[in-house]
Every structure is written in structure tokens, then in C-alpha cells.
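Here is a short set of exercises to work through with the model open beside you. Try each task on your own before reading its solution.

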Amino acid sequence: MASVAKTAPGRRVWLLYAIVTVVLWGIWGAFSGLSPQNGFPETLVYCVWALTMIPPALVVLAQAGWRLDRSPRAIGHGLAVGLLGAGGQMVLFYAVARGPAYLIFPIISLSPVVTIALSFLLMGERTGKLGAFGILLALLALPTFDFAPGGAGGIQAGGWLVPAMVVMLCWGVQAYFMKAANHVMSAESIFVYMMLSGLVLIPIAWAMTDFSQPINWGLSGPGLAALIQVLNAIGALTLVFAFRYGKAIIVAPLANAGAPLATALLSLVVLGVVPGALKTVGILLALTASLLLAIEPDAGDTETVAPSE
């Protein structure tokens, strides 16, 4: 099977796509808790999100000439990426319905720590001084989110901290598989498998919904959810093209760290909240760590990918 090199129409076009993803995902994350607050359950928000992934999946599949990689390795990697991403989304919607985005997303931004650890253990990759320092800051940051008495602004961490860490774990493992998947399949196929995985979990989310409680079926319910979640879907589409033209080892940490950073900062500005001193330190440590982890890999403009026949 011959390898083919991805070439970009512009030397840094991958960076433009990645920045668009960070901006869209940052805005999405800041407002993702609005729908549950308006009486539309997080489980149904998940269903809306999964459906918004269909149009961009069709776009990228058309871009690939309607060719979907279907080798056993491609299917395995694609489903691993998709199910970890979709599972993380489901847990995330639960978390943002119970906690503040400005605290949840800095924790999620530390997912590259998981990716780096797996790459070290399974791929033999090594991180440099920036990465090592970023990991140290991440380890210092995590305890502060559940250590401040009385929480930040009276918000207790019990209901959202563990789910946020589960999302961090899911997306960190997902990024590892995404790195590996880009060596055996196209970015477009990865996205299609992400969409399919999201749809597969809809029945679970639907079954978890408590329909005995009042549900807002108006525009401020599913309508608002669709408007917010489409930002995520479009951001995922631009992420596919960032992976197409750039290195996964750069793009994944940039998206995983940059978007939560944007969400945290935007949430603080919109809400006008000033967290307690210890949690402020935790946020700063987490965001600094995520930035260090994002800029650690060596940049590159092409990547070799072996598409499946």
C-alpha cells in the first residue's frame, strides 16, 4: 500500500482551519449550558448535537469523492475516535448542566496530558521540557478545583468535577487514536465515523431522558440547542481540514487546549464572575499547562498518510 503525502494549498492553511475550530468551539462551549438551563435536558441536547453532525459529514464525504475507508484497521480506529468523542460529549452535557463552563473547560483542556502519556507508553514518543513543565502544572492545577472551601462563587464541585475529568480522559484517549488513525485513513473518513458513532449513542441518550419532567420543546429548547450545537459541528468540519493539511500531533493539542481556553475566558467575560483565589490559581495553572502542551510538538506542514484500499 503506497503512502501519499498530504499537501496544502497554502503553507499554513491548516493553522487557519485550526483557529476557526478553536473560535467556534470556544463560543459553543461558553453557551452549551444554556439549553439545559432553559428546560431542555442534556440528554436531548446530545441528540440534537449528534444530528447536527450529519450535514458536515456529508460535506466531507463528498469532498473525498464519497470514498469511505473501510479496512478493519480504519473501522477500528474510526469507531474508537468516534465513540470516545461522542461519549465525552454526552458526559460533557451532563457536566455543564451542573457546573460553570469557566471551571469545567480548563480541566478538559488538560486532555493532552492523557494523549502524551499514552504516546509515551504505547508509541515510545518523548516530550520536551515545555511538555514536561506543562504536565507538572496540570498535576498542580487539578486539586485546586475541588479544594477551595465553599467553591467559586458558592458553586460546589461535587456534581461536575468527576464528569469533567471523565471528559478529559475520553478526549485525551481520543486524540491518541486520532493521531494513530491519520496514518491508516483519511481525515474525512475519521469524521464520518465520528458522526456515525454519535448517532449510534442517540438511543442511549433518549432512554436516559426523564420524560416525566417538563421539557421545553419550544425555540428556546431544541431550537436554541441546534443553534449552539451547529457551532460544534462546523468546528469539527474545519478540524477535519486542519488534520488534512497539518500534523495530527500539532492539530489535536491545539484544538483540545485552545478551544477550552477560549471557552473559559469567554465564560468569565460573559458572566462577569470572579472565582475564589485558589480556583483562580487553578484556572491559570490549567490554561498555562494546556498552552505549553499545545505548542510542545514540532511544527510541520505535511504528513504522510496511508489510506486504506
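**Exercise 1. The overall picture**

How many helices and strands does the protein have? Find also the share of its residues that is buried.

*Solution.* A good starting point is that this is a predicted model. Counting the secondary structure gives 14 helices and two strands. Next comes burial: of the 309 residues in the protein, 55% are buried. Last, look at the contacts with a separation of 6 or more: residues 24 or more positions apart account for 91% of them.

**Exercise 2. Two helix lengths**

Check the end-to-end distances of α1 and α7 against the spans expected at 1.5 Å a residue.

*Solution.* Begin with α1, which has 19 residues. The expected span is 27 Å, and the end C-alpha atoms are 28 Å apart, so the two values agree. Then take α7, residues 111-123, with 13 residues. From first C-alpha to last, α7 reaches 17 Å, close to the expected 18 Å.

Now add burial. In α1 the buried residues include W14, W25 and W28. In α7 the buried residues are S111, P112, V113, V114, T115 and S119.

**Exercise 3. The enclosed space**

Search the whole structure for cavities of 30 Å³ or more, and describe the lining of the largest cavity.

*Solution.* Rolling a probe the size of a water molecule over the atoms shows where empty space is left. Here the search finds one cavity of 30 Å³ or more, and its volume is about 410 Å³. Of the 31 residues that line the largest cavity, W25, Q174, M194, L239 and N256 are the closest to its centre.

Now sort the lining by element. Those that give two or more residues are α1, α5, α6, α9, α10, α12 and α13. The most comes from α13, with six residues. Sorting by class instead, the lining has 23 nonpolar residues, eight polar ones and no charged ones.

**Exercise 4. Two serines**

Are S189 and S111 buried or exposed? List their contacts too, leaving aside neighbours within four places in sequence.

*Solution.* S189 is found in helix α10. Its relative accessibility is 0%, under the 20% cut-off, so S189 counts as buried. Its contacts are R67, L68 and D69.

S111 lies in helix α7. With a relative accessible area of 1%, S111 is buried because this value is also under 20%. S111 touches M168, W171, G172 and N256. The last of these, N256, appeared in Exercise 3 among the residues closest to the centre of the largest cavity.

**Exercise 5. Across the sequence**

What separates the C-alpha atoms of L61 and S189?

*Solution.* First place L61: this leucine sits in helix α4, residues 54-63. L61 has a relative accessible area of 15%, which means that it is buried. Along the chain, L61 and S189 are 128 residues apart, while their C-alpha atoms are separated by 7.2 Å. Setting aside neighbours within four places in sequence, L61 is in contact with W66, R67, L68 and V192. R67 and L68 are also contacts of S189.

**Exercise 6. Cysteines**

How many disulfides does the structure hold? Then decide whether C47 and C170 are buried or exposed.

*Solution.* The disulfide count is zero. C47 has a relative accessibility of 8% and so counts as buried. C170, at 17%, counts as buried too.

Definitions and conventions:
Residues numbered from 1 in each chain as written. Predicted model: local features only at pLDDT ≥ 70, side-chain atom pairs only at ≥ 80, totals over all residues. Heavy atoms only, no water. 1 Å grid on protein atoms, 1.4 Å probe; cavity = no way out; pocket = protein on both sides within 12 Å on 5 of 7 lines; lining within 4 Å. Points joined across faces, edges and corners; volume = space filled by probe spheres on them. Helix = DSSP H or I, 4+ residues; strand = E, 2+ residues; numbered from the N terminus. Nonpolar A, V, L, I, M, F, W, Y, C, P; charged D, E, K, R; others polar. Buried < 20%, exposed > 50% of the residue type's maximum accessible area, 1.4 Å probe, protein only. Contact = heavy atoms within 4.5 Å. Disulfide = S-S within 2.5 Å. Expected span 1.5 Å × (residues − 1).
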